[in-house]
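Please open the model in a viewer with residue selection and a secondary-structure colouring to hand. The stops below can be followed in order.

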Amino acid sequence: MGDKIYTDTPPKCDFCDLPAKVDGKTNQGPWANMCAKHNTLYGCGKLGTGYGQEIKPTSEKPAPVIRDAEDLDMADLNEYIDQILGYSISNFYKIQETDAIP
Ligand SMILES: [Zn+2]
């Protein structure tokens, strides 16, 4: 899991009406969506797995890095296909598999 998520529809800060800049652990323990000010006040001060993710607009998403084919695995290929199609085909298949479970 990265320390950044990209979306053009960020959730609201849990403490005010501003769009959240961080989805992360608070210094009290529970997680919260926080704007920059409330992240400074209540955030745990770290980002990454177990701490939180910075919420960024999709316009700041870095371009995909194309690597040699032998370095790619199925997850990379699914991600690449998602980027080309603009939606998550791997999620679509996950939903289909889940639906098949009685
Ligand atoms: Zn706030």
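The tour goes from the whole chain to the sheet, and then to two lysines.

**Whole chain**

Start with everything selected, and keep in mind that this is a predicted model. The protein chain holds 3 helices and 4 strands. Following the sequence, the pattern reads β-β-β-α-β-α-α. How many of the 102 residues count as buried, as a percentage? The figure is 14%. For contacts with a separation of 6 or more, 36% come from residues 24 or more positions apart.

**The sheet**

Next, select the strands: E1 (4-6), E2 (residues 22-25) and E3 (residues 31-34), and E4 (residues 52-56). In what order do the strands stand in the sheet? The order is E1-E4-E2-E3, in an open sheet of 4 strands with mixed pairing. E1 and E3 are at the edges; each has a single partner strand, so one side of each lacks a neighbour in the sheet. On average, neighbouring strands here are turned by 25° against each other, direction ignored.

**E2 with E3**

Keep E2 and E3 and hide the rest. These two strands pair in the antiparallel sense, over 4 bridges. To see one bridge, pick Asp 23, whose partner in E3 is Asn 33. Now select the connection: E2 and E3 form a hairpin, with 5 residues between them. In that turn, Gly 29 has a positive phi of about 115°.

**E2 with E4**

Swap E3 for E4. The E2 and E4 pairing is also antiparallel, and runs over 3 bridges. Which residue of E4 stands opposite Gly 24? Pick Gly 52 to find that position.

**Lys 12**

Select Lys 12, in the loop between E1 and E2. Is this residue buried or exposed? Lys 12 counts as exposed because 12 C-beta neighbours lie inside 10 Å, and the cut-off for that class is 12 or fewer. Leaving out residues up to four places away in sequence, Lys 12 touches Asp 17, Pro 19, Ala 20 and Asn 33. Asn 33 is the residue already picked as the bridge partner of Asp 23. Then draw a distance from Lys 12 to Met 34: the C-alpha atoms are separated by 7.6 Å, with the two residues 22 residues apart along the chain.

**Lys 56**

The last stop is Lys 56, in strand E4. With 15 C-beta neighbours inside 10 Å, Lys 56 counts as partly exposed. Which residues is Lys 56 in contact with, leaving aside neighbours within four places in sequence? Show Lys 4 and Tyr 6. For a second distance, take Lys 56 and Val 22, which are 34 residues apart along the chain. The C-alpha atoms of this pair are separated by 8.7 Å.

Notes: Residues are numbered from 1 along each chain as its sequence is written. This is a predicted model: local features need pLDDT of at least 70, side-chain atom pairs count only at pLDDT 80 or more; totals for chains, interfaces and linings use all residues. Two strands pair if DSSP finds at least two bridges between them. Axes are lines fitted to C-alpha atoms, for helices over the stretch in contact, and angles run from 0 to 180 degrees between N-to-C directions. A residue is buried if 20 or more other C-beta atoms lie within 10 Å of its own, exposed if 12 or fewer, and partly exposed in between; C-beta atoms are placed from the backbone. Two residues are in contact if their C-beta atoms, placed from the backbone, lie within 7 Å.
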